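I opened this model to look up its pockets, its charged pairs and its aromatic rings. My entries follow in that order.

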Amino acid sequence: CSGNPGIGGWGAVLIIKDNEPIYLNGGDNNTTNNRMELMAAIKGLKYFNESQNITLITDSQYVKNGIELWIKNWKKNGWKTFSKKPVKNKELWLELDLEIAKHHIKWEWVKGHAGNKHNEKADYLARQYIEK
């Protein structure tokens, strides 16, 4: 995001076997970094019409921890955090949860801006939206 909140973009790089990478991006004129991280995962998963085995690599601890550590308790606690506050971006977490249910996903985290080729490309794609 350029400002947080502000104009923001998301980018995703899909690697499907030996095919050329598929690049997806988009954004919003009034959003946050966390919302764009969620959108990248959602839009990447929505690309697939049928159930897949997917390794989803993200540089977002927010997204990875939200799915692996927090979402079960959010659901159990009526979409409230540990501190009893409403979960931010609930509608996007619900959408991501629906997409995840369609696939078999292995989650991996990679440090952002650290030279990972595909992560750098996803960041470039996100910035392309902002610069439009």
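**Entry 1: the second largest pocket**

I note at the start that the model is predicted. I began with helix H2 (residues 61-76), which gives three residues, the largest share, to the lining of the second largest pocket. I then listed the whole lining: Asn4, Thr32, Asn34, Tyr62, Trp70, Trp74, Thr81, Val87, Lys88, Asn89 and Trp93. By class I get five nonpolar, five polar and one charged. The volume of this second largest pocket comes to about 160 Å³.

**Entry 2: the largest pocket**

I looked up the largest pocket next and found a volume of about 1,000 Å³. Its lining takes two or more residues from each of strand S2 (6-14), helix H1 (33-46), strand S4 (53-58) and helix H4 (117-131). I counted 38 lining residues, and those nearest the centre are Gly11, Ala12, Val13, Ile57 and Ala122. The lining splits into 20 nonpolar, 13 polar and five charged residues.

**Entry 3: salt bridges**

Side chains of opposite charge can pair when their charged atoms come close. I found seven salt bridges in the structure and wrote down three of them.

Glu95 pairs with Lys46, and their closest N and O atoms are 2.9 Å apart. Glu95 belongs to helix H3 (residues 90-100) and Lys46 to helix H1, so this bridge ties together parts that are 49 residues apart in sequence. I checked exposure for both: Glu95 is partly exposed at 25% relative accessibility, and Lys46 is partly exposed at 38%.

Asp123 and Arg127 meet in a salt bridge at 3.0 Å, N to O. Both residues sit in helix H4, four residues apart, which is about one turn of the helix. Asp123 has 22% relative accessibility and counts as partly exposed; Arg127, with 36%, is also partly exposed.

Lys106 bridges to Glu108, with 3.2 Å between the closest N and O atoms. I have Glu108 down as partly exposed, at a relative accessible area of 28%.

**Entry 4: aromatic rings**

How many aromatic pairs are there? I count five. In the pair of Tyr62 and Trp93, the ring centres lie 5.2 Å apart and the planes stand at 65 degrees; the cut-off for edge-to-face is over 60 degrees, so the pair is edge-to-face. Tyr62 is in helix H2 and Trp93 in helix H3, so the pair ties together parts that are 31 residues apart in sequence. I find both Tyr62 and Trp93 buried.

Trp74 and Trp79 also pair, with 6.1 Å from centre to centre and 40 degrees between the planes, and this pair is tilted. Are these two tryptophans, Trp74 and Trp79, buried or exposed? Trp74 has a relative accessible area of 9%, and Trp79 has 12%; buried means under 20%, so both count as buried.

I followed the ring pairs further and found that they link Tyr62, Trp70, Trp74, Trp79 and Trp93 into a cluster. Looking back at Entry 1, I see Tyr62, Trp70, Trp74 and Trp93 of that cluster in the lining of the second largest pocket.

**Entry 5: a charge over a ring**

Last, I looked for a charged side chain at a ring face. Lys121 lies over the face of Tyr23, at 4.6 Å from the ring centre.

Technical notes
Residues numbered from 1 in each chain as written. Predicted model: local features only at pLDDT ≥ 70, side-chain atom pairs only at ≥ 80, totals over all residues. Heavy atoms only, no water. 1 Å grid on protein atoms, 1.4 Å probe; cavity = no way out; pocket = protein on both sides within 12 Å on 5 of 7 lines; lining within 4 Å. Points joined across faces, edges and corners; volume = space filled by probe spheres on them. Nonpolar A, V, L, I, M, F, W, Y, C, P; charged D, E, K, R; others polar. Salt bridge = Lys/Arg side-chain N within 4 Å of Asp/Glu carboxyl O. Buried < 20%, exposed > 50% of the residue type's maximum accessible area, 1.4 Å probe, protein only. Phe/Tyr/Trp six-rings, centres within 6.5 Å; stacked < 30°, edge-to-face > 60°. Lys NZ or Arg CZ within 6 Å of the ring centre and 35° of its normal.
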